[in-house]
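Reader: I would like a close look at one part of this protein, the place where its domains meet. Please go through it in plain terms.

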Amino acid sequence: MVTFQAHDGPVYSMVSTDRHLLSAGDGEVKAWLWAEILKKGCKELWRRQPPYRTSLEVPEINALLLVPKENSLILAGGDCQLHTMDLETGTFTRALWGHTDYIHCLALRERSPEVLSGGEDGAVRLWDLRTAKEVQTIEVYKHEECSRPHNGRWIGCLATDSDWMVCGGGPALTLWHLRSSTPTTVFPMRAPQKHVTFYQDLILSAGQGRCVNQWQLSGELKAQVPGSSPGLLSLSLNQQPAAPECKVLTAAGNSCRVDVFTNLGYRAFSLSF
């Protein structure tokens, strides 16, 4: 195991390519070469700061999203904008405005150059990367079947699969048909969910509580697999297309442990930091 200090403050988000590890902190994103990380005295390859409105503004960067077809990185957070950075040149090429409060999460529609963002304002916004314009807005909390005013309106997690989206946070975890902007399944989970992802014919979610939840698309709870943390903030599913049997799910949250699931039915072991 290798550890090193990436930022002076918290690390809010990380993504990886075959060659690079990217991490986001307060107001900046940094990159390291994987080949160098295992060497003693690993140094960052580069650091970039989006063009904020004032030099005194240092908002947290809550979400990073890779767009492989564009070789670009999208980052979003406390300044309520989505910033696109060209990974080849390191320059910021555009900023997308629309959210009225800070952004929690991003998701990519892989079959089209579109990205979704969810924020504290309770809206999921769909952006066309070709025109750099917002093309659809879903204010989830305004739908009676999804609304939970006692939890707030914030959107803390979202994921997409073709014409479908699942999102949650203050409002209930809900499956949406994007073309019609229609909620089709409201999942019976009281606790706010902090991370969600599609996996084959299932939806995996996690949040308050120590379990990874496995949902049928119809809304039936298939399984709850306990982890070691009292609350979960992040899920990461690693799948190798050439070797589908090598899938690994990791879950982390309010503890010093990262749970590793080599089979989605049980926790194989935990890494402790």
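Author: What follows describes the contact between the domains and then one residue elsewhere in the chain. The model is predicted. The domain assignment splits the protein chain into domain 1, made of 10–48 + 56–159 + 170–185, and domain 2, made of 186–272. Their C-alpha centres are 20 Å apart.

At the interface, 15 residues of domain 1 are in contact with 18 residues of domain 2. The size of an interface is often given as the accessible area lost when the parts come together. Here domain 1 and domain 2 bury about 1300 Å² between them, and 71% of that area is on carbon and sulfur atoms. Zero salt bridges are counted between domain 1 and domain 2, while four residue pairs are in polar contact across the interface.

On the side of domain 1 that touches domain 2, at least two residues each come from strand S13 (155–161), strand S15 (174–177) and strand S16 (182–186). S13 gives the most, with four residues. By type, the residues on this side of domain 1 are eight nonpolar, five polar and two charged.

Now to the single residue, Ser13, which lies in strand S1 (residues 13–16). Ser13 counts as buried because its relative accessibility is 13%, and the cut-off for buried is under 20%. Beyond residues up to four places away in sequence, Ser13 touches Leu22, Ser23, Ala24, Ile61, Asn62, Ala63 and Leu64. With Leu64 there is also a polar approach: a polar atom of the Ser13 side chain lies 3.2 Å from the backbone nitrogen of Leu64.

Technical notes
Residues are numbered from 1 along each chain as its sequence is written. This is a predicted model: local features need pLDDT of at least 70, side-chain atom pairs count only at pLDDT 80 or more; totals for chains, interfaces and linings use all residues. Side-chain values use heavy atoms; hydrogens and water are left out. Domain bounds come from an automatic or database domain assignment. Contact means heavy atoms within 4.5 Å. Buried area is the accessible area (1.4 Å probe) that two parts lose on being put together, summed over both. A salt bridge is a side-chain nitrogen of Lys or Arg within 4 Å of a carboxyl oxygen of Asp or Glu. A polar contact is a pair of N or O atoms within 3.5 Å; within protein, one must be able to donate a hydrogen and the other to accept it, and residues adjacent in sequence count only if both atoms are side-chain atoms. Ala, Val, Leu, Ile, Met, Phe, Trp, Tyr, Cys and Pro count as nonpolar, Asp, Glu, Lys and Arg as charged, and the others, Gly among them, as polar. Buried means under 20% relative accessible area, exposed over 50%, partly exposed in between (1.4 Å probe, protein chains only).
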